[in-house]
Amino acid sequence: MTGVDELVALPGTVRARTPEETWEAVAGHLERFGITRVADLTGLDVIGLPVWTAIRPVSRTLSTSQGKGATPLLAKLSAVMEAIELWHVEQPQPVAAHGPAAEVAPDCPVAALPTTAPYPEHALARTVCEWTTGTALMSGKEVLLPVDLVRRRGQRPAWTPDVWRATSTGLACGNTRDEALLHALFEVVERDVLYRDAQSGGRRRTLIDPRTVDDPLGREVIARLAAAGMALEIALVGGPYGLPVCVAYLWSEDYPVVFAGGGCHSHPDIALTRAVTEAAQSRLAAIAGTRDDLPTDPGSFETPSFRTARNGALANWPEMTGRYTPAGGGFAEQALHVAARVAPITGHEPIALDLSAPDRPVHAVQVVCPGTRSRIRRSMPR
């Protein structure tokens, strides 16, 4: 078996184990996480990119989780890991303290944490809540965070005010804790960069000519989309962290709705394929109707006419991404590298909440980066 400290390069991702080893580790525990069925959705669309779903009927959050990947097994694992992540945040979290921040005196800056509305700092300092213990990723010191950053509305005590915004941003599952931490940090960076871009009216993005993508998997994915009659728009989005963030949009005449996907990774090619395959996954989830948080109003989907930019206005992928140098080292070193990029920008250390027990086959974490932001709506404005 592959050692869990090694990096395994896979199509479109890097993990600590091979897909076969990961499936062997989790397959016997699906019932424990409430997963009753794992289904292949790929054939419901004409694109052919693997998309799977994992079903948890008694879930207290989402009862279905989608996953995509370069192969059917990677897509199946992606769906299962998404479902396991959500199972973990549905479990009771340990409470280390109770009271307002003014009395508890947590080391985290409460004004920089995600909230449901723009509350003044003095009001947040007086808000009574329960606190759990996280770990600062650079210093290693223990930090108190509101439990409600993890648990959802239906799980909160009746007396708890709806102040802290629990999101899936920074929620990740991996073969090892460090693998999960790295992918959680990438997600935080992606969503903060896309938020900054949306606030700027899209002025931070550079449209890329898909024909210039030279990564073999990226070329294969783009070719499949073209063969299926999809219009594709891809962009590299500038951000303050020095990490490649991509966004992709899909549109077709047979289903004239714009579907979007985003991706971040230290390797630009992986960031790109993540964005494109996520857009395809979003389209297939809507076709299948298997997401229980899809909007019921068709008008809430983005349905404008889709015109891609003229070829002369598109940038060359290798030229635009040549400045990025993928981080070296193992997952622990790479996670620390990303944390060190985030802290100077936000002014705060990223904090990790460990959600797993030692006897579980995979590791789940929620990374909170005070000072970063993400969209409240699921859409990615084009």
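**Reading strands, helices and charged pairs**

Author: Gly134 stands opposite Val143 in β8, and this pair is a convenient place to begin with a model that is predicted.

Reader: How many bridges join strand β7 to β8, and do the strands run parallel or antiparallel?

Author: Strands of a sheet pair through backbone hydrogen bonds, in either a parallel or an antiparallel arrangement. Here β7, which covers residues 128-136, is joined to β8 by 5 bridges, and the two run antiparallel. The hairpin that they form has 5 residues between the strands, and in it Gly140 adopts a positive phi near 80°. As for burial, strand β8, residues 142-146, is mostly covered, with 4 of its 5 residues buried.

Reader: In what order do the strands of the open sheet of 4 strands lie?

Author: The order is β10-β11-β12-β13, and the pairing is antiparallel. Because β10 (205-208) and β13 (259-264) stand at the edges with a single partner strand each, one side of each is left without a neighbour in the sheet. From one strand to the next, the twist averages 25°. Within this sheet, β11 (residues 231-237) and β12 (residues 245-251) run antiparallel and are joined by 7 bridges, and one residue pair to look up is Ala231 with its bridge partner Trp251 in β12.

Reader: Which helix packs on the sheet, and which strands does this helix touch?

Author: Helix α5, residues 177-199, packs there, touching β10, β11, β12 and β13, and its direction makes about 125° with that of β13.

Reader: How many salt bridges does the structure hold, and what is the distance between the closest N and O atoms of Arg205 and Asp197?

Author: A salt bridge is assigned when a side-chain nitrogen of Lys or Arg lies within 4 Å of a carboxyl oxygen of Asp or Glu. The structure holds 14 of them. In the pair of Arg205 and Asp197, the closest N and O atoms are 2.5 Å apart, and Asp197 is buried, its relative accessible area being 0%. Arg211 and Asp209 also meet through their side chains in a salt bridge, at 3.0 Å from N to O; Asp209 is buried at 9% relative accessible area, whereas Arg211, at 59%, counts as exposed.

Reader: By about how much of a helix are Glu220 and Arg224 separated in α6?

Author: They are separated by about one helical turn, because they are 4 residues apart in helix α6, residues 216-227. Their salt bridge has its closest N and O atoms 3.6 Å apart. Glu220 is partly exposed, at 40% relative accessibility, and Arg224 is likewise partly exposed, with a relative accessible area of 31%.

Reader: Which residues are linked with Asp254 in a network of salt bridges?

Author: Asp45 and Arg283 are linked with Asp254 in that network.

Reader: Is Thr53 buried or exposed, and with which side chain does its own side chain make a polar contact?

Author: A residue counts as buried when its relative accessible area is under 20%; Thr53, at 2%, is therefore buried. Thr53 is found in strand β4, residues 51-55, and its side chain makes a polar contact of 3.0 Å with the side chain of Gln66. Once neighbours within four places in sequence are left aside, the residues in contact with Thr53 are Arg37, Val38, Ala39, Leu41, Thr64, Ser65, Gln66 and Ala79.

Notes
Residues are numbered from 1 along each chain as its sequence is written. This is a predicted model: local features need pLDDT of at least 70, side-chain atom pairs count only at pLDDT 80 or more; totals for chains, interfaces and linings use all residues. Side-chain values use heavy atoms; hydrogens and water are left out. Two strands pair if DSSP finds at least two bridges between them. Axes are lines fitted to C-alpha atoms, for helices over the stretch in contact, and angles run from 0 to 180 degrees between N-to-C directions. Contact means heavy atoms within 4.5 Å. Buried means under 20% relative accessible area, exposed over 50%, partly exposed in between (1.4 Å probe, protein chains only). A polar contact is a pair of N or O atoms within 3.5 Å; within protein, one must be able to donate a hydrogen and the other to accept it, and residues adjacent in sequence count only if both atoms are side-chain atoms.
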